[in-house]
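User: Could you take a close look at the largest pocket for me? I'd like to know which residues line it and what goes on around the helices there.

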Amino acid sequence: MPELAPLPRLGSLEREVMEVLWDAGTDMTTRAVLDRLTSGLAYTTVATVLGNLVRKGMAERVTAGRTWAYRHGPSRSEYCGGLMAETFSATPDRAASFLHFVERMSPEDVDLLRSLLGDVHDDDARAPRR
């Protein structure tokens, strides 16, 4: 298994702001992020959280006219997949962890996982052998 760079853990405010950036899919100013939040945070709090997300590599700061705008770094699915990979790599008994994980999945998600694993194995079979 390849060595994975640890992903940053997000606090509740960071998570809330990331949800806004992920849902937007476009660059957003601090004011635009603030307008989409329902928690009544101060402008300076949102600006601080965005700065923290940039520092953690979860968001990028870009110029937008005479101000800054922000966009998400890793996608929501990349982040969640990375967290799952980190979790499984930290257990000494992967089989048991995978089993407990699969037992908690809905039948639809199990079918999706089977399909994705089939695609991975199909791709492996087509790859040239070294």
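Analyst: Here's a walk through the pocket, followed by the salt bridges that involve one of its helices.

First, the ground rules: this is a predicted model, where local features need pLDDT of at least 70, side-chain atom pairs count only at pLDDT 80 or more, and totals for chains, interfaces and linings use all residues. Residues are numbered from 1 along each chain as its sequence is written, and side-chain values use heavy atoms, with hydrogens and water left out.

The largest pocket comes out at about 490 Å³. A pocket here is an open set of points on a 1 Å grid over the protein atoms alone, where a 1.4 Å probe fits, with protein on both sides within 12 Å along at least five of seven lines; lining residues have an atom within 4 Å of a point. The volume is the space filled by probe spheres set on the points, which are joined across faces, edges and corners.

Lining it are Met84, Phe88, Phe98, Phe101, Val102, Met105, Asp109, Leu112, Leu113, Leu116, Leu117 and Val120. Helices H4 (76-89), H5 (94-103) and H6 (107-126) are the elements that give two or more residues each, and H6 gives the most, with 6. Helices are DSSP runs of H or I with at least four residues, strands are E runs of at least two, and both are numbered from the N terminus. By type, the lining has 11 nonpolar residues, no polar ones and 1 charged. For that split, Ala, Val, Leu, Ile, Met, Phe, Trp, Tyr, Cys and Pro are nonpolar, Asp, Glu, Lys and Arg charged, and the others, Gly among them, polar.

Met84, in H4, is partly exposed at 37% relative accessible area (buried is under 20%, exposed over 50%, partly exposed in between; 1.4 Å probe, protein chains only).

H4 also holds Arg76. Arg76 makes a salt bridge with Asp23, their closest N and O atoms being 2.7 Å apart (the cut-off is a side-chain nitrogen of Lys or Arg within 4 Å of a carboxyl oxygen of Asp or Glu). Since Asp23 sits in helix H1 (residues 12-24), the pair ties together parts that are 53 residues apart in sequence. Arg76 is partly exposed, at 29%, while Asp23 is exposed, at 55%.

There are 8 salt bridges in the structure. Another one pairs Arg71 with Asp27, at 2.8 Å between the closest N and O atoms.
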